[in-house]
Amino acid sequence: MSGIYFHIPFCKQLCSYCDFHKNISLSAKNEMLLCLKKELVQRANYLTDKNIRTIYFGGGTPSVYRPQQIQELIDIVAKYFTFHHEIEITMEANPDDLSPDYLSDLQQTSVNRLSIGIQSLHADDLKLMNRRHSDTQAIDAVKKAQEYGFDNISIDLIYGVPGLTLSKWEQNLETVFDLDIQHISAYHLMIEKGTIFAQKVARGKLSEVEEEISIKQFQLLIEKAKENGFQHYEISNFCKEGKHSKHNTAYWQQKPYLGIGPSAHSYNLKEREWNISNNKKYMQAINQGDCFSEKEQLSLTDRFNDLILTSLRTAFGLNLLDVKKMFGESLYQHCIKTAHQHIRNNNIRKEGDCLILTDKGVFLSNDIMADFFWIE
Ligand SMILES: C[S@@+](CC[C@H](N)C(=O)[O-])C[C@H]1O[C@@H](n2cnc3c(N)ncnc32)[C@H](O)[C@@H]1O
Ligand code: SF4
């Protein structure tokens with residue numbers, strides 16, 4: 001089973017923290033739609049397994065397109081691939097795009113999962129982050145989506161934001177857990193190079209939060225999620241039973257996927273490939289029948305380290321038998337040996353053949369993963 005990712009490289013406004021590829025001029029929107037369709041046709045053979053389990057519209061802001069246009073992309077996929085009977089089709093949407101009219105049209109499409117970017121429910125945080133919507137707009141968008149029949153909704157939140165106190169974070173969590181949603185992605189703020197936040201930090205106008213505050217906010221998140229019946233299935237992801245993101249889980253389990261659109265990544269078990277992060281050059285290349293991607297052949301060590309990074313992030317853990325089968329006896333023994341000290345320190349527990357981070361280990365995940373990495 002495979003996945004397909006569409007990157008929609010447009011936003012109406014730049015958020016201060018975000019370094020995902022996008023343009024804020026929407027003038028090339030229609031030409032881009034044509035190019036996304038062309039690329040899908042040009043690269044359909046990239047995936048040998050033609051059964052599609054998940055389609056994900058990410059960005060950027062997919063909701064800059066009308067639902068009918070999103071459906072046109074899904075229809076092209078259906079021409080070249082077969083759909084799994086439980087196909088998950090997710091669309092990221094910004095709250096202010098989800099008007100009743102938009103939701104009513106979206107409900108007619110095959111999109112069956114919405115990921116709504118809320119980030120915070122405090123006006124001062126939203127202003128600092130340069131978000132386009134208010135807190136009430138965000139809550140209304142979720143409620144309206146539910147009224148229009150969407151029953152698989154994820155929301156994005158960011159913590160570790162300067163000015164977000166523990167009590168403000170607690171209010172955010174209490175409000176979103178009351179919304180009867182199925183999934184939450186909560187990310188710690190990363191100050192990314194080239195963003196407005198990075199410029200402010202460099203000029204001394206913004207200071208990063210102290211680690212102690214970050215840890216407290218993460219602890220509170222884990223606690224509240226548990227209280228509300230959510231499973232913590234990946235470091236930043238929480239879900240009601242069975243409602244994990246099938247698309248992202250496939251990434252973490254190293255399943256093949258095809259990424260369409262500027263900056264999109266693809267993986268076919270042997271190599272990683274990524275498209276150019278420039279809308280104009282991307283469209284020129286596609287119109288000439290090329291897709292302007294760069295490739296990286298993965299060595300056995302790269303693939304092993306990728307598996308460590310992706311599997312230990314999740315509640316499914318690292319399967320030792322998979323390690324033995326895919327990478328042989330010596331890397332298997334390396335994992336057993338490395339796990340030993342972490343099991344003794346209660347950072348990792350062994351369930352059957354899988355190594356899984358404990359609640360304590362989750363807080364030390366970066367250090368633990370680094371211990372498992374194989375350096376040649
Ligand atoms: C690529 S964005 C697309 C979502 C959609 N455009 C929106 O803004 O709601 C996906 C999510 O990544 C998260 N994100 C992006 N940049 C981040 C950063 N620097 N630190 C933490 N989270 C970030 C945000 O929560 C955002 O909703
Ligand atoms: S967070 Fe979303 S809306 Fe904001 S700039 Fe990034 S992709 Fe665009």
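This report describes the surroundings of two ligands, one helix pair and two backbone features in a predicted model.

**Ligand 1**

The shell around ligand 1 holds 17 residues, and the closest are Gly-60, Gln-119, Arg-131, Asp-156 and Met-190. Sorted by class, this shell comprises 6 nonpolar, 7 polar and 4 charged residues. Three of the polar atom pairs between ligand 1 and the protein are set out below.

| Residue | Protein atom | Ligand 1 atom | Distance |
|---|---|---|---|
| Gly-60 | backbone N or O | nitrogen | 2.8 Å |
| Gln-119 | side-chain N or O | oxygen | 2.7 Å |
| Arg-131 | side-chain N or O | oxygen | 2.7 Å |

Taken alone, ligand 1 would expose 550 Å², and the protein buries 92% of that area. Strand 4 (113-119), strand 5 (153-159) and strand 6 (183-188) are the elements that each supply two or more residues to the shell of ligand 1.

**Ligand 2**

Around ligand 2 lie Cys-11, Gln-13, Cys-15, Tyr-17, Cys-18, Lys-22, Gly-60, Thr-61, Asn-94 and Arg-131. The classes in this shell are 4 nonpolar, 4 polar and 2 charged residues. Gly-60 and Arg-131 are among the residues surrounding ligand 2, and both are also listed among the closest residues to ligand 1.

**Backbone features**

Where does Gly-60 sit in the chain? Gly-60 belongs to the loop that runs between strand 2 (51-59) and helix 2 (67-80). The peptide bond joining Gly-59 and Gly-60 is cis, with an omega of about 15°. The residue that follows this cis bond, Gly-60, is thus described twice over: by its peptide geometry and by its backbone contact of 2.8 Å with a nitrogen atom of ligand 1.

A second backbone feature occurs at Asp-180, which has a positive phi of about 55° although it is not a glycine. Asp-180 is located in the loop between helix 6 and strand 6; strand 6 is one of the elements contributing to the shell around ligand 1.

**Helix packing**

Two packed helices are described by the angle between their axes and the distance between the axes. Helix 6 (residues 166-177) packs against helix 8 (residues 211-227) at an angle of about 25°, and their axes are 10 Å apart. Because angles under 35 degrees count as roughly parallel, helix 6 is roughly parallel to helix 8. The crossing of helix 6 past helix 8 is right-handed.

Note on methods: Residues are numbered from 1 along each chain as its sequence is written. Chains are lettered from A and ligands numbered from 1 in the order in which they are written. This is a predicted model: local features need pLDDT of at least 70, side-chain atom pairs count only at pLDDT 80 or more; totals for chains, interfaces and linings use all residues. Side-chain values use heavy atoms; hydrogens and water are left out. A residue is near a molecule or strand if one of its heavy atoms lies within 4 Å of it. Ala, Val, Leu, Ile, Met, Phe, Trp, Tyr, Cys and Pro count as nonpolar, Asp, Glu, Lys and Arg as charged, and the others, Gly among them, as polar. A polar contact is a pair of N or O atoms within 3.5 Å; within protein, one must be able to donate a hydrogen and the other to accept it, and residues adjacent in sequence count only if both atoms are side-chain atoms. Accessible areas come from the Shrake-Rupley method with a 1.4 Å probe; for residues, only the protein chains shown count as cover. Helices (H or I, at least four residues) and strands (E, at least two) are DSSP runs, numbered from the N terminus. Axes are lines fitted to C-alpha atoms, for helices over the stretch in contact, and angles run from 0 to 180 degrees between N-to-C directions. Angles under 35 degrees count as roughly parallel, over 145 as roughly antiparallel, 65 to 115 as roughly perpendicular and the rest as oblique. A crossing is left-handed if the near helix is turned anticlockwise from the far one by less than a right angle, and right-handed if clockwise.
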